[in-house]
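Good morning, colleagues. I should like to take you through the ligand surroundings and then the aromatic contacts of the structure now coming up on the screen.

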Amino acid sequence: MYLTREEETMLSGKKGKAVQKAMEILVQLGQIYGASKLIPVNSVHMPGSSIVVTGEAGVEFIEQLARDGAGFAAETALNPAAMDMQCWRELNFECKDYDCQKRLTTAYVDMGAIPLHTCTPYHNGIFPQYGQHIAWGESSAIVLANSIFGAYTNREGGPSAVASALTGRTPLYGYHLEENRRATVLVNVIEKPVTISDYGALGYFVGEACRERVPVFTGMEHPVTMEQFKALGAALASSGSIALFKMVGCTPDASTVEEALGYHKPEAVVDYGSAQREQSHSLLNSTRGGEVDLVALGCPHASIFEIKSIASYLANKGKRCKSILWIMTSFAVKKMAEDLGYAAIIEQAGGKMVADTCLVLGALKPVILKYGFKNIATNSAKTAHYAPGQWSLGCYYGSLKQCLQAALSGKWEGEDK
Ligand code: F3S
């Protein structure tokens, strides 16, 4: 693999042990995937930002890098943490977990990371540019970076993201190459999605059907909002390993089906109608007939528009929640919701804005035991996919209105009211 003189210097150890180790990781990765060279990246989204992902060994590794004086060469933002970094005590997260998370976050910050602790950096002022090469982890953010912003990133794991942050480089392979970005599966959308959970159901079905291939969607109603794209992308990346999708007339390089397919015939054609929608719903609804203990909204982390619509619904109903209601977001968006008065409306109704974490990356075991959560309701296909297996929770999956209705009544009624 070709290396520039500067990259050879990094590999030789002249720029410190951490940079040398990082270059070794990238060169090895590049050799495995047949990369011809490394390319510069100036944006990294760090997937190993929660102690649930890194474990104690990972925390020690990151702390050691910081102690050795390592610094990030690329702008680096952190994915969700294992708890709300301010309200962890009130939410019943454990002190020992907080102490461990604090060590991890501090070490990353010492190396130059921004502790946004969110999976929606684009709701927090971080927008990759069209054609920009980046090294992002976090499947729900990667798929939007590639598909909506038209940036180029592979699905980075913890070690490769740290290595890219330290060197400002990534190997040229996978989604960094134009030839791998062509759609190969044509998806005819017959049942048009409307709600966030409809987009999640569509993504969940297509993710399973495509696995790692690139789908192109036709037949969608335009425009599609960022919140709808976010739900679609997170679901595609949950049931499949999809890092890039195209939507005719909506996403870059997809002004026609032919352009999205790179003027080739599709390898497969998938129809999405009411039967396929039902199939997604029955896979994502893993429980029935019971109480709802927790309503979890904001996966991927909620935008200010989503929070505003939750506040409006609760203000109109004028009732208090019987279930626990969590709206998960970044601390920056939470602050905006507080300043704009939405958080106060939600809290008056008994809901809680939870920052920095989520149901998948949170150190939730003690929290679940303390509250006695058994059944949750969510409008997120990603939460419905992971939370039951991870925490043995039953899950109801439906629209935002159905979830809010469940929060108010304490039961899953399954109808929009
Ligand atoms: Fe984000 Fe956590 Fe969902 S990282 S996409 S809120 S599972």
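In what follows, a residue is near the ligand if one of its heavy atoms lies within 4 Å of it. Please bear in mind that this is a predicted model.

By that criterion, the residues around the ligand are P80, C119, E138, S140, G298, C299, P300, C358, V360, L361 and K382. Sorted by class, this shell comprises seven nonpolar, two polar and two charged residues.

I turn now to the aromatic side chains. How many aromatic pairs does a search of the whole structure find? There are twelve. One of them joins F205 and Y272 in a tilted arrangement, with 5.9 Å centre to centre and 55° between the planes. Because F205 belongs to helix α7, residues 196-210, and Y272 to strand β9, residues 268-272, this pair ties together parts that are 67 residues apart in sequence. F205 counts as buried at 15% relative accessibility, and Y272 counts as buried at 1%.

A further pair, F229 with F245, is also tilted; here the values are 6.2 Å centre to centre and 35° between the planes. It links distant parts of the chain, 16 residues apart: F229 is in helix α8, residues 226-239, whereas F245 is in the loop between α8 and β8. Both F229 and F245 are buried.

Two other features involve aromatic residues. Y122, F127 and F149 form one aromatic cluster. Finally, R181 lies over the face of Y152, at 3.9 Å from the ring centre.

Thank you for your attention.

Technical notes. Residues numbered from 1 in each chain as written. Predicted model: local features only at pLDDT ≥ 70, side-chain atom pairs only at ≥ 80, totals over all residues. Heavy atoms only, no water. Nonpolar A, V, L, I, M, F, W, Y, C, P; charged D, E, K, R; others polar. Phe/Tyr/Trp six-rings, centres within 6.5 Å; stacked < 30°, edge-to-face > 60°. Helix = DSSP H or I, 4+ residues; strand = E, 2+ residues; numbered from the N terminus. Buried < 20%, exposed > 50% of the residue type's maximum accessible area, 1.4 Å probe, protein only. Lys NZ or Arg CZ within 6 Å of the ring centre and 35° of its normal.
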